[in-house]
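Trainee: I would like a close look at one helix in this model, with the cut-offs spelled out. Please treat it in one connected answer.

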Amino acid sequence: MNFKKLIAIIIAVIILAVNLAIIKQNFRDFTVNKLNQFTKTKTDITENIISGTNSSAKIAVLGIYNVIELGDKHSQLMNSLENIRNDEDIKGVILNVETPGGGVYESAQISDKIKQIKSERNIPFYTVMGSLAASGGYYVSASTDKIYAMPETMTGSIGVIMSSTNFSGLFEKYGVKTDVVKSGEFKDIGSSTKPMSDQDREIFQKLIDNSYERFVKVVSEGRNMPIETVKTIADGRVYDGQQALELGLVDKMGYYEDALNDMIDALALDDPKIIEYEYTENIDSLLSLLGVSYSNLMKSEMQKSIDAVKNLQTTNQNRPMYLYGGM
């Protein structure tokens with residue numbers, strides 16, 4: 001094969017690849033547009049009726065599950081709370097909490113939204129704790145009017161944690177060196193490529209202390225306890241449900257049904273409609289998810305390992321967390 005033929009083949013392959021990419025994009029755009037035509041009349045959020053018929057007296061049930069962190073689930077929860085705020089027919093809210101906690105920011109955002117709704121709408125919020133409702137899970141629960149747990153529930157863990165991963169010893173062993181150019185002494189504070197200095201630790205400790213004081217204040221106000229009393233039990237430890245009841249961290253032993261019946265009785269509601277919210281992914285998001293899944297399948301094992309290390313370095317690293325068990 002001569003050189004000219006080789007060049008022609010290479011050009012043909014490039015043109016083919018470009019055309020395939022254009023066809024793929026056009027097909028994707030066509031699919032999204034057509035499918036959105038069928039789904040555009042649907043809202044992102046819909047009400048599911050659990051029981052009851054009285055539409056003018058509704059009780060909303062929300063779930064806070066897994067780690068509290070930014071993402072679709074957190075956005076959906078915040079949207080649900082905003083929907084409750086704007087729905088005059090909702091007379092009360094029950095939170096089902098099953099979480100080890102999570103981000104300081106995200107936990108505070110949920111708590112603040114609950115307080116806003118209670119202030120503007122004057123409706124009760126009851127919390128039902130599952131097997132685990134710790135740290136950020138308790139932070140959110142403390143802002144509600146009544147907390148239910150079972151003796152087997154693990155709760156508390158009132159405190160803050162921050163973790164980082166230091167690869168400097170591993171890098172040194174294999175001769176890997178990171179060159180850093182920075183504008184200030186502490187610009188690379190918490191870097192995984194160098195040991196934490198005493199000054200670094202002091203800066204981080206101040207952040208932790210500030211977050212801790214905010215946590216203590218939320219518990220003090222929510223549970224009507226003196227701050228000094230809260231601090232005697234806010235050393236990061238977890239309590240079972242019975243201990244939490246004795247310490248005043250929860251109000252009553254009970255399940256979801258108990259909380260629901262108590263709320264109906266307290267509000268004197270007649271056959272209230274019990275609702276929950278459901279979210280449907282739009283077609284564009286689903287296609288994007290399929291694209292990500294395909295991309296992951298095509299990655300080599302080495303690339304997956306590299307990505308895992310990157311995620312380890314970036315996920316919840318070097319930020320205060322209301323999280324039981326650390327990271």
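Which helices and strands do the buried residues of α6 pack against?

Mentor: First, the conventions. This is a predicted model, in which local features need pLDDT of at least 70 and side-chain atom pairs count only at pLDDT 80 or more, while totals for chains, interfaces and linings use all residues. Residues are numbered from 1 along each chain as its sequence is written, and side-chain values use heavy atoms, with hydrogens and water left out.

The buried residues of α6 pack against three helices, α3 (104–121), α4 (136–141) and α7 (227–233), and against two strands, β6 (146–149) and β11 (321–323). Helices here are DSSP runs of H or I with at least four residues, strands are runs of E with at least two, and both are numbered from the N terminus. Buried means under 20% relative accessible area, exposed means over 50%, and partly exposed is in between (1.4 Å probe, protein chains only). Contact means heavy atoms within 4.5 Å.

For context, the protein chain has 11 helices and 11 strands, and 36% of its 327 residues count as buried. Of the contacts between residues at least 6 apart in sequence, 79% join residues at least 24 apart.

Now α6 itself. It has 26 residues, which at 1.5 Å a residue should span 38 Å, and its end C-alpha atoms are 37 Å apart, so the two values agree. The expected span is 1.5 Å times one less than the number of residues. The buried positions are Asp200, Phe204, Ile208, Ser211, Tyr212, Phe215, Val216, Val218, Val219, Ser220 and Arg223. An α-helix has 3.6 residues a turn, so residues three or four places apart point the same way. Just after α6, asparagine 224 takes a positive phi of about 55°.

Among the buried residues is aspartate 200, in α6 (residues 198–223), with a relative accessible area of 3%. Leaving aside neighbours within four places in sequence, aspartate 200 is in contact with Phe186, Ile189, Lys194 and Pro195.

Upstream of α6 is a loop from α5 (168–173), and valine 176 is found in it. Valine 176 is partly exposed, at a relative accessible area of 44%. Together with Leu170 and Tyr174, Val176 makes a nonpolar surface patch of about 320 Å². Patches are made of residues with over 30% relative accessible area and no salt bridge, like charges being joined within 9 Å and nonpolar side chains (Val, Leu, Ile, Met, Phe, Trp, Tyr) within 5 Å. Areas come from the Shrake-Rupley method with a 1.4 Å probe; for residues, only the protein chains shown count as cover.

The packing on α4 and β11 can be followed through aromatic rings. Rings of Phe, Tyr and Trp (its six-membered ring) pair if their centres lie within 6.5 Å; planes under 30 degrees apart count as stacked, over 60 as edge-to-face and the rest as tilted. By this rule there are 4 aromatic pairs. The rings of tyrosine 139 and phenylalanine 215 have centres 5.1 Å apart and planes at 65°, so this pair is edge-to-face. Tyrosine 139 lies in α4 and phenylalanine 215 in α6, so the pair ties together parts 76 residues apart in sequence. Both tyrosine 139 and phenylalanine 215 are buried. Tyrosine 139 also pairs with tyrosine 322, with ring centres 4.9 Å apart and planes at 20°, so that pair is stacked. Tyrosine 322 is in strand β11, so this second pair ties together α4 and β11, parts 183 residues apart in sequence. Tyr139, Phe215 and Tyr322 form one aromatic cluster.

On the α7 side there is a charged pair. A salt bridge is a side-chain nitrogen of Lys or Arg within 4 Å of a carboxyl oxygen of Asp or Glu, and the structure holds 14 of them. One joins the side chains of lysine 231 and glutamate 213, at 3.1 Å from N to O. Lysine 231 is in helix α7 and glutamate 213 in helix α6, 18 residues apart, and the pair links distant parts of the chain. Unlike the ring pairs, neither partner is buried: lysine 231 counts as partly exposed at 36% relative accessibility, and glutamate 213 is partly exposed at 39%.
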